[in-house]
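Colleague: I would like to learn how to read a model of this kind, feature by feature. Could you give me the general idea each time, and then the case at hand?

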Amino acid sequence: MNNNYINFYNNLVKLTRNKILYKEFTTQDEFSDRLLIFLFHFAFFLKIFKHKIDKIILQNVFDYIFKQLETSIREIGYGDASINKKMKIYLNTFYSILNSIDKWENFDLTERSKIFKNYLNIKKEPILMTNYFENYYNLLKKSSFNSLVKGVIKPNF
């Protein structure tokens, strides 16, 4: 497997571990919640770069990220039969997230918050999470593709 995107994957994992993202949850931080937040990070990345970068390169990034997710799920201990089922669910969820954030810049705060409430177990309006992802979205817009995939993600939010 080509490891050109390992730094990018590791940075997405690191961003996903940001404690502020879990303050509005009703339950403890769980694998499924982290995975969804990881998918949100990746979805915003693809949203920004889908018209700026060659589709073959983005497909390679996509394939790498989902191969790494599959490897992580295997390490948790799921069997081959359940991994295929889980990966299908995660891919469908990811495509749903992509569709939900497609018009992000046209949504107001309430509509943006609603996106997170639809996917995550959040006890109130997810203002912190919505603001976090707005800042992340703006960071991605200002960053170059090469700097991000090489692992230079320095959030200041």
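Modeller: Let us begin with the secondary structure, where helices, of at least four residues, and strands, of at least two, are DSSP runs numbered from the N terminus. In this model, which is predicted, the protein has seven helices and zero strands, and the order of elements from the N terminus on is α-α-α-α-α-α-α.

Colleague: What radius of gyration would a compact globule with 157 residues have, and what does the protein have?

Modeller: A compact globule with 157 residues would have a radius of gyration near 15 Å, and because the protein has 15 Å, the two agree. Along the principal axes, the C-alpha atoms fill a box of roughly 40 × 35 × 25 Å. As for contacts in the protein with a separation of 6 or more, 68% of them are accounted for by residues 24 or more positions apart.

Colleague: How should I read the interior, and which residues have the most contacts inside the largest nonpolar core?

Modeller: The general idea is that nonpolar side chains tend to be buried together in soluble globular proteins. Here, 44% of the 157 residues count as buried, and the largest nonpolar core has 52 residues, with Phe-40, Phe-42, Phe-45, Leu-120 and Phe-133 having the most contacts inside it. At least two residues of this core come from each of helix H1 (6-16), H2, helix H3 (55-76), H4, H5, H6 and helix H7 (145-149), while H2 gives the most, with 13 residues. To take one of the central residues, Phe-45 touches Phe-8, Leu-58, Val-61, Tyr-136, Leu-140, Phe-145, Leu-148 and Val-149, leaving aside residues up to four places away in sequence.

Colleague: How many aromatic pairs does a search of the whole structure find, and how do I decide whether one is stacked?

Modeller: Two rings pair if their centres lie within 6.5 Å, and planes under 30 degrees apart count as stacked. The search finds 27 aromatic pairs. In one of them, Phe-42 and Phe-94 are stacked, at 5.4 Å centre to centre with 20° between the planes. Phe-42 lies in helix H2 (residues 31-49) and Phe-94 in helix H4 (residues 80-101), so this pair ties together parts that are 52 residues apart in sequence. Phe-42 counts as buried because its relative accessibility is 0%, and Phe-94 counts as buried at 0% too.

A further case is Phe-116 with Phe-133, whose ring centres are 5.2 Å apart and whose planes meet at 25°, so this pair is also stacked. Phe-116 belongs to helix H5 (residues 109-119) and Phe-133 to helix H6 (residues 127-142), 17 residues apart, so that the pair links distant parts of the chain. Both Phe-116 and Phe-133 are buried. Ring pairs also join residues into a cluster, whose members include Phe-8, Phe-45, Phe-62, Tyr-95 and Phe-145.

Colleague: Which charged residues sit over rings?

Modeller: Arg-34 lies over the face of Tyr-22, 5.6 Å from the ring centre, and the charged end of Lys-52 sits over the ring of Phe-49, 5.6 Å from its centre.

Colleague: Is Glu-24 buried or exposed?

Modeller: Buried means under 20% relative accessible area, so Glu-24, at 3% relative accessibility, counts as buried. Glu-24 is found in the loop between H1 and H2, and its contacts, beyond residues up to four places away in sequence, include Ile-122, Lys-123, Pro-126 and Met-129.

Notes
Residues numbered from 1 in each chain as written. Predicted model: local features only at pLDDT ≥ 70, side-chain atom pairs only at ≥ 80, totals over all residues. Heavy atoms only, no water. Phe/Tyr/Trp six-rings, centres within 6.5 Å; stacked < 30°, edge-to-face > 60°. Buried < 20%, exposed > 50% of the residue type's maximum accessible area, 1.4 Å probe, protein only. Lys NZ or Arg CZ within 6 Å of the ring centre and 35° of its normal. Core = buried A, V, L, I, M, F, W, Y, C linked by side-chain atoms within 4.5 Å. Contact = heavy atoms within 4.5 Å. Rg over C-alpha atoms; globule rule 2.2 N^0.38 Å.
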